Amino acid sequence: VYQAYFSGHGDGCLKVFILPFAAVGAGLLIGTGYTFLQLFNPRPVLTVSPGEIGLGETVEVAWETSGNLHKIQKWTIELEAYEEVRYRQGTRTSTEKNVFFTHIAHESQQGEDLRRGRAEVRIPAGSLHSFDAPNNKILWLFRVKAEIPNWPDIADEFPFKVRPQRVDGDLGLAPPAPEAALSCDHSA
């Protein structure tokens, strides 16, 4: 780049040839700097209890955040469920994502309860439970989003399993044992 553009020794062909390589290199440098700055973001840790929730049940999400929180202007914890489908058209494989449920579990502004807190959300009974097959998935997750001015924002995902709705009746089955709480830490 120096030889082609700044030393005066580069001809037109060299300048055209080197331009895509310089653009990719500049993009990698900017991306590396952005990722490095994200290392200094506050780290949320979410705990979902019970560990596995059934359709129609209430899930409690608790959060604890470490790090410098005074720069965060808006903090959102959102429950989201989506279907992911992978299919082939000829030799090309495509993946589509269809969000079928979103609910804001908690929203805070600067100076409010960002360090720790709890919220409860009811999983809709008529919705879809978690499912994982080679080409189809139903995923449930809590998404933590935080807006930080002049700094990379926080966007972390904490997936969990939702099982089918319990059927109470004359099946003669004992109720299942309670699940242990599930804790997710994506700080690594």
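Which helix gives the most to the nonpolar patch, and with how many residues? Helix 1, residues 2-6, and it puts in three. Before I go on, keep in mind that this is a predicted model.

Okay, so let's stay with that patch for a moment. It sits on the surface and covers about 570 Å². The residues that make it are Val1, Tyr2, Tyr5, Phe6 and Leu19. Take Tyr5, which belongs to helix 1. Its relative accessibility comes out at 34%, so Tyr5 counts as partly exposed.

Now the inside. As a general point, nonpolar side chains in soluble globular proteins tend to be buried together. Here, the largest nonpolar core has 29 residues. If you want to click on a few of them, go for Ile123, Trp140, Phe142 and Phe160, since those touch the most other members. Which elements give two or more residues to this core? On that list we have strand 1 (43-49), strand 3 (58-66), strand 4 (74-89), strand 5 (92-109), strand 6 (116-122), strand 8 (136-147) and strand 9 (154-160). Strand 8 gives the largest share, with five residues.

Strand 8 is also where you find Arg143, and I'd like to spend a minute there. Is Arg143 buried or exposed? Buried: its relative accessible area is 13%, and the cut-off for buried is under 20%. So what does a buried arginine have around it? Leaving out residues up to four places away in sequence, Arg143 touches Thr76, Ile77, Glu78, Glu80, Lys97, Asp156 and Glu157. Two of those contacts are worth zooming in on. The Arg143 side chain makes a polar contact with the side chain of Glu80 at 2.4 Å, and there is another polar contact, with the side chain of Glu157, at 2.4 Å.

The Glu80 pair is a salt bridge too, with the closest N and O atoms 2.4 Å apart. Arg143 is in strand 8 and Glu80 is in strand 4, so this pair ties together parts that are 63 residues apart in sequence. Glu80 is buried as well, at 6% relative accessibility. And the picture goes beyond one pair: Glu80, Lys97, Arg143 and Glu157 are linked in a network of salt bridges.

How many salt bridges does the structure hold? Eight. I'll show you two more of them.

One is between the side chains of Arg163 and Glu57, at 3.1 Å, N to O. This pair links distant parts of the chain: Arg163 is in strand 10 (residues 162-163), while Glu57 is in the loop between strand 2 (53-54) and strand 3, 106 residues apart. Arg163 has 15% relative accessibility, so it counts as buried. Glu57 is at 22%, so that one counts as partly exposed.

The other is between the side chains of Arg116 and Glu64, at 3.8 Å, N to O. Why do we say this pair ties together parts that are 52 residues apart in sequence? Because Arg116 lies in strand 6 and Glu64 lies in strand 3. Glu64 is partly exposed, with a relative accessible area of 45%.

To wrap up, here's what I'd look at on the screen: the surface patch with Tyr5 in it, the core where strand 8 gives the largest share, and the salt-bridge network that includes Arg143.

Methods: Residues are numbered from 1 along each chain as its sequence is written. This is a predicted model: local features need pLDDT of at least 70, side-chain atom pairs count only at pLDDT 80 or more; totals for chains, interfaces and linings use all residues. Side-chain values use heavy atoms; hydrogens and water are left out. Patches are made of residues with over 30% relative accessible area and no salt bridge: like charges are joined within 9 Å, nonpolar side chains (Val, Leu, Ile, Met, Phe, Trp, Tyr) within 5 Å. Accessible areas come from the Shrake-Rupley method with a 1.4 Å probe; for residues, only the protein chains shown count as cover. A salt bridge is a side-chain nitrogen of Lys or Arg within 4 Å of a carboxyl oxygen of Asp or Glu. Helices (H or I, at least four residues) and strands (E, at least two) are DSSP runs, numbered from the N terminus. Buried means under 20% relative accessible area, exposed over 50%, partly exposed in between (1.4 Å probe, protein chains only). A nonpolar core is a set of buried Ala, Val, Leu, Ile, Met, Phe, Trp, Tyr and Cys residues joined through side-chain atoms within 4.5 Å. A polar contact is a pair of N or O atoms within 3.5 Å; within protein, one must be able to donate a hydrogen and the other to accept it, and residues adjacent in sequence count only if both atoms are side-chain atoms. Contact means heavy atoms within 4.5 Å.
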